[in-house]
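Subject: Structure handover and notes

Hello,

The structure you asked about is below, with the sequence. My notes on it follow.

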Amino acid sequence: MASCQYSLLKSVQPDPASPIHGHNQIIMYSRPVYFCILCGLILLLDAGSKDKNPTIYTVYGLKLFSPGSLQSARDHVIVFLYCFPAISLLGLFPQINTFCIYLLEQIDMLLFGGSAAAGLISALYSISRSFVVVIVLYAFCFNAVKEPWDARHIPALFSAFCGLLVALSYHLSRQSSDPSVLMSLIQCKFFPHFLRQNLEDSSTDPLPEKMRESVKEILKSDLIVCTVAAVLSFAVSASTVFLSLRPFLSIVLFALAWTVGFVTHYILPQLRKHHPWLWISHPILKNKEYQQREVRDAAHLMWFERLYVWLQCFEKYILHPAIILNALTIDAFSVSKYRRFGTHCDIFLITIAGMKLLRSSFCNPVHQFVTLSFTVIFFQFDYRDISENFLLDFFMMSIVFHKLWDLLQKLQFVLTYIAPWQIAWGSSFHVFAQLFSIPHSAMLFFQTLATSIFSTPLSPFLGSVIFITSYARPVKFWEKNYNTKRVDHSNTRLAIQIEKDPGNDDNNLNSIFYEHLTRSLQESLCGDLILGRWGNYSSGDCFILASDYLNAFVHLIEIGNGLVTFQLRGLEFRGTYCQQREVEAITEGDEDNEGCCCCQPGHLPHLLSCNAAFNLRWLTWEITRTQYILEGYSIIDNNAATMLQVFDLRRILIRYYIKSIIYFTANSPKISHWIKDESIQKALQPYAKWHYIERDLAMFNINIDEDYVPCLQGITRASFCSVYLDWIQYCAGKRREHLDCDEDSPLVTLSFALCILGRRSLGTAAHNMAISLDSFLYGLHALFKGDFRITAKDEWVFADMDLLHKVVAPAVRMSLKLHQDQFTCPDEYEDHAILYEAIQSFEEKIVICHEGDPAWRRAVLSNREELLTLRHIVDEGTDEYKVIMLHKSYLSFKVIKVNKECVRGFWAGQQQELIFLRNRNPERGSIQNNKQVLRNLINSSCDQPLGYPMYVSPLTTSYIGTHSQLMSIWGGPVSLDNIKTWFRSKWLRMRKDCHASHNSGSSTEEVESGGGSSSSRNSASNSSQSSSSQHTRNGTPQLLPSSQDCHQYAGRRKYRSQSVQTHAALNQRPPVSSRSEPVVESYQPFIQASTSAHEIAQRLSRSQLSFHNSVTSVYRAEAVLRSSLASSTSSTLSLLFGKRSFSSALVISGLSAADGGNTTDTQSSSSVNITMGPSARAASQAKLKQCLGPVWLLPPALLSAFYLAREVFQVLW
C-alpha cells in the first residue's frame, strides 16, 4: 500500500479533479495531504476505541463515542484508504484548497447559520467571526446557567445573553462573507495613504465607492438597531413571560408561525407565478406591467408586494426571534437544573443552536416554517420519546431539511432527464447508455442519496443518462475567479489597434450590455427578491433572464439579511442553433395547447390543458415572472452601407462634416491663440490667397463636395466661402467676445485649412478611393475611431494637437449623428439657428465615440441617456458597418428559475469531459439542445474555455439600501441623522395640526356668532388657509399667498372692473370719475416708491387673512382694535379691488345700509339692482358672495368702520 501511495504522490496532468487545463501546481500536493489526513484520522479513532474509560453520549437513541462505534468508524476509514487509487481516478477528491473552502463553508452554514463563501479568505473570515461570537455568547450563558434558578426570577446575565444573541446574530446576518469591501472602507477611513495607487481606478469606476457607502450605511444602521434589539430582548427575557405562559405561548407561536409562513412563502408566491400550481394559465395576482407590450417606466409597486414585505418583516424580526427566545429560555431553565450532556456541552449546544436558528431566520426564512412544522409534529406526536429539547430538535431538523431540499432537487433532475417519453439523444453513445443504465437504477438512486448528504454534484457522463458522482464543491462552484476582461484602447498596444483591431470582436463589444445589466441588478436585485418578484429563492439558486436579445444566467451565491451576492453570465446575442431552440422553448407559451393525450378537447377558461399541465411538471425549469423590469439600453442598429450608398447621401455627410469642423473651430476656447500663433499663420499663408486651388482628384470629388469647382478641378477659397461663409459668421456671432469673421479674416483661413485637412484625412484613410462605397466606409470608420493619417501638406496641424483632438475628431462623429437625423427631418438643418442648437445639444447630451474608446464604457456604466457609435463587423465572411444607437430605457425580461442541481451537474460534467477526458469535438452530444433541462444554455454558461459566455461578471453584492421602492416602504436605513429628521418632521407636523385645530376652533366661535351655512363654509376655508401659516421674525403668525390665490384675486379684480362698467352702461350715465381716476394714477407711483409688487401682494394677503383669523378677538376688544382692523382691511380691499370696485361691491351686497349713507356709487348700484330684477339680483349677490369670501361675514360694526374708512380714503385720494 505504501508503494502504491508513493507512486501516486505526483498525480497525472490533468487530474480528474483539476479545474484548469494543463499543469496544476496545487493538485500535485492534494493526494499526499489527503493520505496524511486519513492516516491521522485512523490513528485517532484507534486510540479512542482502546480507551478504557470512555465518555458515552446518547443522542436520539444513538450512542456516540463508544469504543464499538469508534472501532467501526476506524475500519471504514481503512477500507476507504485502500480504495484511494480508484477514488482518485474517479476524481472524487477535490484539490486541497477547494476542499478547505467547501469544509469551512459547510461548517459555517450548517452549524452557525452562515451563508456561502466567495473564496478561501472569505471562508476563513466567516468561520473565524462565527467562532468569536460563539465564545463571547458562551461566556455569558455559562455564567447564567451554571447555577439553578427559579422560574419566577430569570438571571440578568441570561437576559443579557438573550439580548446579545439577538443583536450579534442580526449583525452577522447583515454582513457579507467577503471582507474586501470592509477592509477597503477601513483603509479609506484610517489609512488613506495606502490607497493612492487605486485613486485613478476608483475615479473612473463608481462601483467601489458605492459598495463602501452601502457597507457604511449598514454599519451605522446596525449600531442603532442592534442596541434596540438587545434592549428589547433583554426586557422580554427578564419579564419571565416565556416561563409563565408555557406551554400555551409555544402553541400560539407555532400556529402563528405556520400560518404566516404558509401564506407568505407558499400562497402568495403561487398566486404570483406565471402558471399558479401549474394548472392556471395566468397569474392571479398580476402586476401593472403584465399586459403592457412596451414598458416605459419602472415597475409599479403593488399592494400584494407591500403585504409580502411586511409579512416577511413580521416573520423575520418578531415571530421567529420570539419562538427561538422562548425555546432558549425553557431549555436553559431545564439545563440549569439538569445536566444532560454536561455543563459545557449543554451550554455550547444552546449557544450554537440559538445563533444558527436566528441567523437563518434573519437571512432567508423561506423554508423555516416547513422545518418548524415538521419538528413540532415529528417530536411532539410521532417520536416524543427520543426528543431531547425543542431547541436542539429544531437545530437538527434544520440540518436534515437542508439536505432534503438538495435530495428533492436531485431527484427532480434525474427523473426529468431519464424520462423515456422525452429523450433527447445527442449522439449514438446516448442510445447505448440509455439501455445500459436501466439495470443500474438502484445504484443511481444510492448515488443521489450520497451526493445529497455531502452536497456534491451528480453529473451525466458525457451528457448521457449514466450519472456519476463528482467531487465536492462550494456553492460558488468554480474554483477559478474567472471574469471577462474587456478589450479596448486602454489595454491594447497602438500597433495592434491599427493593424488588427482585436476589439472588433462582436462578443467583446456586446459584453458591455451585460456589464451594464450587472450594475442594474446590483441596485435592484436584493430589493426585488425581497418584494417577491423572483419567487422563492435560496443560496445557490440559478435563474435565466431572457429578453429580445439579452439572455443572462444569474447565479445567487450568498443570501444575507439585506444583501445578495450573485454572478451574472451573459450568453451570445446570436447563439447556435441549439441555443435558439431552447430560447424558443422558454419564450413560447402553453396557453394555446388544447391537447389531452391524443385528443384536442380544449381546456376550461383560465386553466391549462392536460397536456400542457403534464409537460410543465416534467421540466427542470419554471417561468416565475414574464414582465420583470430593469433599467438598460434599447439598441437600434442601421446598416451604414444603405445610408451612404447614394452620392447625394455622402454629399450630405461631407456637408455636415465641414459644418461641424467650423462649429468646433469657432467655439474652441483656443481660437484666439490659434489665430495669433505665428507658426500656424505662416503655414496657412497659401490658404489665405483667393487664387489658391486645392487640387487632388483622389481626395475631392464633384459628387460629394459642394464647394468643388469643375472647371478648376479643385476647391478654392472663393468657392468655400460661397458655401460656408454664412455658417462661419453665424458661429462666430454666437461667441461672447467679438471675433473677426469677414472673408479675409484669419478665422475663415483657419476654417478653410481645417476643412481641407479633414477631407484629405478621410480620403487618405479610404486609400484614395473615396468614390468606392467600401473604401469610403473604411475611411469613415478609421477617422471615427481616431486613426488620422496626416499627409506632408497638413503637418502644420501638429503645432497644436487640439486641432485634431478637439476639432476634427469630434466633427467626424457629430456629422454621423446629424446625418442620422436628416432622414427624419431633411430640410430642418438648413436653418443655421436650428443646426447650431442641434450640434450644441448633441455635444452636451449624447456620447458619440468608438466602442473601443474607454469613454464608451464609462458612459454606459454612468447611465448616459443616449449613445451613438459606428461598428465594423467581421464575422463568418460578412464585412459590414453598422451605426448603433443606444437609448436608455426600461427593458422587460422573463425570469426563469432553473433547478440548481441540474446546473451543478451539467457544469461538473463539462469540466470532466473537456479537461480530463479532453473531448475537443465542438458538436459533442453533451451540448446538444434538450428543452426539458436547457442543456445547451447551461453548458454554454460555463467558464471559458469550457463554455462560451460573452460576459462573466465578478462576484457582485447587491444591498437593500439601493432599492428606491423599498425605501418608500420602510424609509431607508436607520441612522442618527434619519432619526433626527423623522422626529423633527413629526414635531413640525404636530405643531401644524395643533395650530390648525386652534384656528378651526376660533372659526367655530365665529360661526356660532354669525349663524349661517355660508358662514360655516367660509370659516372652514379660513381654517384650511390658516393651517399653512408661518411665523415672521417677531413671532406673529402670517400667511404667504399661493399662486392660485393670487390668480383668483386677479380674476376678481377683472370681474369687478367689468361689473362697474356694466352699471354705467345700464344706467346710461357717465362714470363718476372725479375721484376714481386720480386713484388709479396715483396708485402706481405709490407702489413703486414704497416696495415691490411681490411684497405688496404678500402684505395685502397677510393683513387680510390675519384679520380673518382674528375675528373672535375683535368681539372681545372691539373698542381698541376696531379702527386698526377696519383701516387695514379697507386698505387691503381697496388696493385689491380698486376704490370704485370696492364701493360698488359693498353697495351691491347691501353692506352700506349699515351706515345709512347714499353715494353716487350707491345710487348707481341700486339702479342696477332695480333694473336687473329679483332673480338676477339674487344671482349677482350669490356671485359676489363667492368672490368676496369671508368679507361677506363681517359684523355690522366692522362694516360701518369699513364704510367710514372708504370715505376717508376717497377724500384723501
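D943 has a relative accessibility of 6%, which is under the 20% cut-off, so it counts as buried. Please keep in mind throughout that this is a predicted model.

**The D943 pair and strand 7**

The side chain of D943 forms a salt bridge with that of R569, at 2.5 Å from N to O. D943 sits in the loop between helix 35 (935-940) and strand 15 (951-952), while R569 belongs to strand 7 (residues 563-570), so the salt bridge ties together parts that are 374 residues apart in sequence. R569 has 0% relative accessibility and therefore counts as buried.

The rest of strand 7 fits with this. Eight of its eight residues are buried, so strand 7 is largely enclosed by the rest of the structure. L563, T565, Q567 and R569 point one way from the strand, V564, F566, L568 and G570 point the other way, and all are buried. As background, side chains in a regular strand alternate between the two faces of the sheet.

Which strands pair with strand 7?

- Strand 6 (residues 551-560) pairs with strand 7 in the antiparallel sense over eight bridges. L556 has F566 of strand 7 as its bridge partner. The hairpin formed by these two strands has two residues between them, and G562 there takes a positive phi near 95°.
- Strand 16 (residues 956-959) runs antiparallel to strand 7 and is joined to it by four bridges. Here the bridge partner of F566 is T956.
- Strand 15 is also antiparallel to strand 7, with two bridges. In this pairing G570 stands opposite Y951.

F566 thus has a bridge partner in strand 6, L556, and another in strand 16, T956.

**The sheet with strands 9, 10 and 11**

There is an open sheet of three strands in the order 9-11-10, with antiparallel pairing. Strand 9 (693-694) and strand 10 (708-709) are the edge strands, each pairing on one side only. Strand 10 and strand 11 (residues 714-716) are paired over two bridges, and V709 has G714 in strand 11 as its bridge partner.

Two helices pack on this sheet. Helix 28 (residues 717-733) touches strand 10 and strand 11, and its direction makes about 75° with that of strand 11. Helix 29 (residues 746-765) touches strand 9 and strand 11, at about 160° to the direction of strand 11.

A salt bridge also runs between strand 9 and helix 29: the side chains of E694 and R760 meet at 2.0 Å, N to O. E694 is in strand 9 and R760 in helix 29, so far as sequence goes 66 residues apart. Both E694 and R760 are buried.

**Nonpolar cores**

Which residues touch the most other members of the largest nonpolar core? They are F720 and W796, in a core of 80 residues. Helix 25 (residues 647-666) gives the largest share of this core, twelve residues. Leaving out residues up to four places away in sequence, W796 touches I680, A683, L684, Y687, L750, A753, L754, L757 and L803. Another core, of 70 residues, lies apart from the largest one and includes V134, A167, V260 and L311.

**Transmembrane regions in the record**

The unreviewed UniProt entry places "transmembrane region" features at residues 26-45, 77-104, 116-140, 152-173, 221-242 and 248-268. I looked at two of these spans in the model. Residues 152-173 are 82% helix and 0% strand, with the end C-alpha atoms 33 Å apart. Residues 248-268 are 100% helix and 0% strand, and their end C-alpha atoms lie 29 Å apart.

**Other salt bridges**

The structure holds 34 salt bridges. One of them joins the side chains of E305 and R272, at 3.2 Å from N to O. E305 lies in helix 14 (residues 303-337) and R272 in helix 13 (residues 248-272), so this pair ties together parts that are 33 residues apart in sequence. Are these two residues buried or exposed? Both E305 and R272 are buried.

Regards

Terms used. Residues are numbered from 1 along each chain as its sequence is written. Side-chain values use heavy atoms; hydrogens and water are left out. Two strands pair if DSSP finds at least two bridges between them. Contact means heavy atoms within 4.5 Å. Axes are lines fitted to C-alpha atoms, for helices over the stretch in contact, and angles run from 0 to 180 degrees between N-to-C directions. UniProt positions are given in the numbering used here, feature names are shortened, and annotations may be inferred rather than shown by experiment. A nonpolar core is a set of buried Ala, Val, Leu, Ile, Met, Phe, Trp, Tyr and Cys residues joined through side-chain atoms within 4.5 Å. Buried means under 20% relative accessible area, exposed over 50%, partly exposed in between (1.4 Å probe, protein chains only). A salt bridge is a side-chain nitrogen of Lys or Arg within 4 Å of a carboxyl oxygen of Asp or Glu.
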